[in-house]
Amino acid sequence: MLNPIHIGDIKIDSPVFLAPMSGISDLPFRDLVQSFGAGLVFSEMIASREMINHSAETLRMSTPHNRDYPLAVQLAGHDPEVMAEAAKMNEDRGASIIDINFGCPVKKIVKKYAGSALMQDEDLATDIMEAVVKAVNIPVTMKTRLGWDAENLNAPSLCKRAEDVGIKMITIHGRTREQMYNGHADWTAIRKVRDAISLPLIANGDIETIDDVKAALQQSGADGVMIGRGTQGRPWFIKQVMGYFQSGEVLPKPDNQLDIILNHYDAMIDHYGEGKGVPIARKHLAWYVTGMHGANEFRAEMNRVKDPSTVKSMLCDFFEGQILAA
Ligand SMILES: Cc1cc2nc3c(=O)[nH]c(=O)nc-3n(C[C@H](O)[C@H](O)[C@H](O)COP(=O)(O)O)c2cc1C
């Protein structure tokens, strides 16, 4: 059910992707999810104007890519020239693919007439895509939603225009902007995009189990899936999906979860430094312990601790406690 796809000249054997997620799909998380075999990982959304203005925070988010796996850097903005310049900068910094964000529903972004707001202006969205495609030699992809609202489901026409100006792959989150994250993603509605384009198409939204992957592919007719929240606290889910498609079997969760978490923690502290890294890591640790015995108490206590070594020994004690409680 999963065949290799080509994004321009980049061949992806198993199109199971890590979604771009601001505040989450940073370098340490991308490295981790990629180690479980993700076909492609996406950066956090990068504001194009901040990028060309060399904002320190934005440059950190778009750290030069020096890994041996492909990276899609996602850009947001509304000015074709600025988007083109930011795309070129990211190409020079090692990005393998530039992804354009036409899906972000967050008010702050929409107010700047970027993200999903551009679904309402197909001409400008097309100018942006054209400018970015012309500016770089690497493939350019696009991620969007079904439309602005239920009365304006224009993803098929926007995606057709994307194909015409040289976009190489499209991801659709099966919701409208108006839905934000409410309700359930409509994978069947993605099929209208399938019928409109012949580019590789990726289905996204609410994919959290292997049955979801199968249903999303079957209902949408997409070539692959992109998973966001389903990887939070369980980056190994991607490996389980891959394993299922390779062998037909559902792999168990890894039995070295504690080592995986400790390594992820170290990578976050390394990447951000202690002052920033400790608070940033908290949400990941909170996800990792979800559903475990004593998780609430652990989270409350861990959120007060500032010293990384103490956090790590708390984690070790917590996991040892799970074995004893079992
Ligand atoms: C915390 C968070 C941050 C996100 N940031 C981005 C982003 O930067 N760019 C983007 O295109 N989508 C972003 N998204 C949307 C996801 O990429 C994805 O489309 C959405 O979460 C639905 O997929 P899921 O149900 O697998 O999470 C974000 C989602 C979440 C939950």
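# Questions on this structure

Reader: At 32% relative accessibility, does Tyr113 count as buried, exposed or partly exposed?
Author: The model is a predicted one, and the accessibility is computed from it. Buried would require a value under 20% and exposed a value over 50%. Because the relative accessibility of Tyr113 is 32%, this residue counts as partly exposed.

Reader: Where is the place of Tyr113, and what is its phi?
Author: Tyr113 is found in the loop between helix H5 (107-111) and helix H6 (122-135). Most residues other than glycine have a negative phi. Tyr113 is not a glycine, yet its phi is positive, with a value near 60°.

Reader: Which loop holds Met180, and what is its relative accessibility?
Author: Met180 has a positive phi of about 50°, although it is not a glycine. The loop that holds Met180 is the one between S8 and helix H8 (191-196). Met180 counts as partly exposed because its relative accessibility is 30%.

Reader: Which strands make up the closed barrel, and what is the average twist from one strand to the next?
Author: The barrel has eight strands with parallel pairing, and its order is S3-S4-S5-S6-S7-S8-S9-S10. From one strand to the next, the twist averages 30°.

Reader: How many of the residues of strand S4 are buried?
Author: Strand S4 (residues 40-47) pairs in the parallel sense with strand S3 (residues 16-18) over two bridges, and in that pairing Phe17 stands opposite Leu40 of S4. Five bridges join S4 to S5, again in parallel, with Ala47 having Ala76 in S5 as its bridge partner. S4 is mostly covered, and of its eight residues the number buried is seven.

Reader: Over how many bridges do S5 and S6 pair, and which residue in S6 does Gln74 stand opposite?
Author: Strand S5 (residues 71-76) runs parallel to strand S6 (residues 97-102), and the two pair over four bridges. Gln74 is also one of the closest residues around the ligand. The residue that stands opposite Gln74 in S6 is Asp99.

Reader: How many residues of strand S7 are buried, and what is the bridge partner of Met142 in S8?
Author: Strand S7 (residues 140-147) is mostly covered, with eight of its eight residues buried. Five bridges join S6 to S7 in the parallel sense, and Ile98 stands opposite Val140 in S7. Five bridges also join S7 to strand S8 (residues 170-176), which runs parallel to S7. In S8, the bridge partner of Met142 is Ile170.

Reader: How many residues surround the ligand, and which are the closest?
Author: By class, the shell around the ligand is made of seven nonpolar, seven polar and three charged residues. In total 17 residues surround the ligand, and the closest are Pro20, Gln74, Asn204, Asp206 and Arg229.

Reader: What distances separate oxygen atoms of the ligand from Asn204, Asp206 and Arg229, and what share of the ligand's area does the protein cover?
Author: A ligand oxygen is 2.5 Å from an N or O atom in the side chain of Asn204, and a ligand oxygen is 2.8 Å from an N or O atom in the side chain of Arg229. At Asp206 the partner is instead a polar backbone atom, and the distance from an oxygen of the ligand is 2.7 Å. Of the 600 Å² of accessible area that the ligand has on its own, the share covered by the protein is 88%.

Reader: Which residues of helix H1 are buried, and what is the phi of Gly37?
Author: At the start of H1, a side-chain oxygen of Asp26 comes to within 3.1 Å of the backbone nitrogen of Phe29. In this helix (residues 27-35), the buried residues include Phe29 itself, alongside Leu27, Pro28, Arg30, Leu32 and Val33. Gly37 follows just after H1, and its phi is positive, at about 95°.

Reader: Is Phe319 buried or exposed, and how far apart in space are Phe319 and Val165?
Author: Phe319 lies in helix H14 (residues 308-325), and it counts as buried because its relative accessibility is 11%. Phe319 and Val165 are 154 residues apart in sequence, and the distance between them in space, C-alpha to C-alpha, is 52 Å.

Key
Residues are numbered from 1 along each chain as its sequence is written. This is a predicted model: local features need pLDDT of at least 70, side-chain atom pairs count only at pLDDT 80 or more; totals for chains, interfaces and linings use all residues. Side-chain values use heavy atoms; hydrogens and water are left out. A residue is near a molecule or strand if one of its heavy atoms lies within 4 Å of it. A polar contact is a pair of N or O atoms within 3.5 Å; within protein, one must be able to donate a hydrogen and the other to accept it, and residues adjacent in sequence count only if both atoms are side-chain atoms. Accessible areas come from the Shrake-Rupley method with a 1.4 Å probe; for residues, only the protein chains shown count as cover. Ala, Val, Leu, Ile, Met, Phe, Trp, Tyr, Cys and Pro count as nonpolar, Asp, Glu, Lys and Arg as charged, and the others, Gly among them, as polar. Buried means under 20% relative accessible area, exposed over 50%, partly exposed in between (1.4 Å probe, protein chains only). Two strands pair if DSSP finds at least two bridges between them. Axes are lines fitted to C-alpha atoms, for helices over the stretch in contact, and angles run from 0 to 180 degrees between N-to-C directions.
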